[in-house]
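The exercises below ask for a reading of one model. Each opens with a task and is followed by a solution in steps.

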Amino acid sequence: MTRADAGPRVERGLPMVLPGDDPAAIAEAAALLRAGELVAFPTETVYGLGADALDPAAVARIFAAKERPSFDPLIVHLADALEVGDHAEAADASDPRVARLAARFWPGPLTLVLRKRDHIPGIVTAGLPTVGLRVPDHPVARALIRAAGVPVAAPSANRFGRVSPTRASHVVRGLGPRVRLVLDGGPCRVGVESTVILLAEGRAALLRPGGVPAEAIETEIGPLEIATPGAPGSAALAPGGSGAHYAPRARLEIVDPFGPGAAHRLRARPGERLGLLATSSAGAEAARAIGGPFAAERLLAADGDPVTVAAGLFEALHDLDAAAVDRIVAQPMPAVGLGRAVMDRLRRAAREA
Ligand code: TXA
Ligand code: MG
């Protein structure tokens, strides 16, 4: 596919979707990135909307396409952990905790926020002195970054505040012609975004729970400070970390089917299309016994396994939106391991965070 071929398809309102395992597609995508265009690509967490991180005009296109506020910084994706020293200040890049976490979790769903070097444009970091760096664990993502030969700034490939995409079709539906090319890598394995850790200036703070459990990080480097949304100073620490986010079109409520007063909230009102998002079979059965009827149901994991729940969470929210439900009742789960990221995303979708 040449760039000239892309024109008419963009005018018809569709981005190109090409197979991510095709070297010609990778070359095409890399050429678009180098030309300052946007490319959506799969990672192990969610699909990213990528631009050349060193090209401020290209990065500005990301903010425009997502309708994302400029105070929310982007993660810069690298092909190899060895490149951290190219983009982070020497004092932070040589922090032994960085080496430890990189060795244990990269490539993988972990973002390290370190003091940036001067060549990282301010638009990438929303004017912060720090930059989020991540080496994704997906062959298509890494092939693309390598072929482009530049670090790739990429937020999740959804409009701001909406549910993150875990399939190429979610990107096409959400962004349409705002992106030139989508590399299709099938469904994302992890299903929730990376864990974001601030390691600048000797600190260690959890800015966003995600695909690497906080407990596993603490095993490597000791206790983490928690940057609680709403706490003094936390807005500057984790600019994207507060406010409504990940919202499906339908209103979402977290309802424990085993909790007090559940029956009332789990019952569909007259004329209401109610959706059920269950995190275990036991929860689904309890919800059906006391509530409903449900116009659509999604069971994320029969046994409630948090890794399985995380993997299917965003896809289920996209599906329930497609089923045009008016309200979604979501079953909570213990906030341990990946359950912490799941509950963080559910609370934001419910606008409780
Ligand atoms: O898994 C992921 O992290 C995905 C894939 C595409 O890699 N990306 C992603 O990006 O979730 P995004 O833009 O949706 O979320 C990035 C978040 C920001 O909202 C912010 O909370 C944090 O990462 N972040 C990035 N750079 C930061 C910085 N310099 N200081 C503090 N937080 C930062
Ligand atoms: Mg996002």
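**Exercise 1.** Determine how many salt bridges cross the interface of domain 1 and domain 2 in this predicted model, and describe the polar side of the contact.

Solution. Step 1: applying the rule across the interface of domain 1 and domain 2 gives two salt bridges. Step 2: Arg167 pairs with Glu315 in a salt bridge, and their closest N and O atoms are 2.6 Å apart. This distance satisfies the cut-off, because a salt bridge needs the side-chain nitrogen within 4 Å of the carboxyl oxygen. Step 3: six residue pairs are in polar contact between domain 1 and domain 2, both residues being at pLDDT 80 or more. Step 4: on the side of domain 1 that touches domain 2, the elements giving two or more residues are helix 9 (168-175), strand 10 (205-208) and helix 10 (214-221). Step 5: sorted by class, that side of domain 1 holds twelve nonpolar, seven polar and six charged residues.

**Exercise 2.** State where the two domains lie in the chain and how much area they bury between them.

Solution. Step 1: the assignment places domain 1 at 3-237 and domain 2 at 251-349. Step 2: 25 residues of domain 1 and 14 residues of domain 2 take part in the contact. Step 3: the C-alpha centres of domain 1 and domain 2 are 28 Å apart. Step 4: interface size is often expressed as the accessible area lost when the parts come together. For domain 1 and domain 2 the buried area is about 1600 Å², with 56% of it on carbon and sulfur atoms. Step 5: within domain 1, the residues that lose the most area to domain 2 are Val163, Val192 and Pro209, which together account for 32% of what that side buries.

**Exercise 3.** Is His170 buried or exposed, and which residues does it contact beyond its neighbours within four places in sequence?

Solution. Step 1: His170 belongs to helix 9. Step 2: its relative accessibility is 5%, so His170 counts as buried, the limit being under 20%. Step 3: with neighbours within four places in sequence set aside, His170 contacts Pro165, Glu315 and His318. Step 4: Glu315 is also the salt-bridge partner of Arg167.

**Exercise 4.** Locate Ser194 and describe its surroundings.

Solution. Step 1: Ser194 sits in the loop between strand 8 (181-184) and strand 9 (195-198). Step 2: with a relative accessible area of 2%, Ser194 is buried. Step 3: not counting residues up to four places away in sequence, Ser194 touches a set of residues including Thr45, Ile75, Arg134, Pro209 and Arg345. Step 4: Thr111 is in that set too, and its side chain makes a polar contact with the side chain of Ser194 at 2.8 Å.

**Exercise 5.** Assign Val329 and Ala143 to an accessibility class, and give for each a distance to a residue remote in sequence.

Solution. Step 1: Val329 lies in strand 15 (residues 327-330), and a relative accessible area of 1% makes Val329 buried. Step 2: leaving aside neighbours within four places in sequence, the contacts of Val329 include Glu253, Val255, Leu276 and Phe294. Step 3: Val329 and Thr219 are 110 residues apart in sequence and 35 Å apart in space, C-alpha to C-alpha. Step 4: Ala143 is in helix 8 (residues 139-148), and its 31% relative accessible area makes Ala143 partly exposed. Step 5: Ala143 and Ala27 are separated by 116 residues in sequence and by 9.2 Å in space, C-alpha to C-alpha.

Conventions
Residues numbered from 1 in each chain as written. Chains lettered and ligands numbered in written order. Predicted model: local features only at pLDDT ≥ 70, side-chain atom pairs only at ≥ 80, totals over all residues. Heavy atoms only, no water. Domains from an automatic or database assignment. Contact = heavy atoms within 4.5 Å. Buried area = accessible area lost by both parts, 1.4 Å probe. Polar contact = N/O pair within 3.5 Å; in protein donor to acceptor, adjacent residues only side chain to side chain. Helix = DSSP H or I, 4+ residues; strand = E, 2+ residues; numbered from the N terminus. Nonpolar A, V, L, I, M, F, W, Y, C, P; charged D, E, K, R; others polar. Buried < 20%, exposed > 50% of the residue type's maximum accessible area, 1.4 Å probe, protein only.
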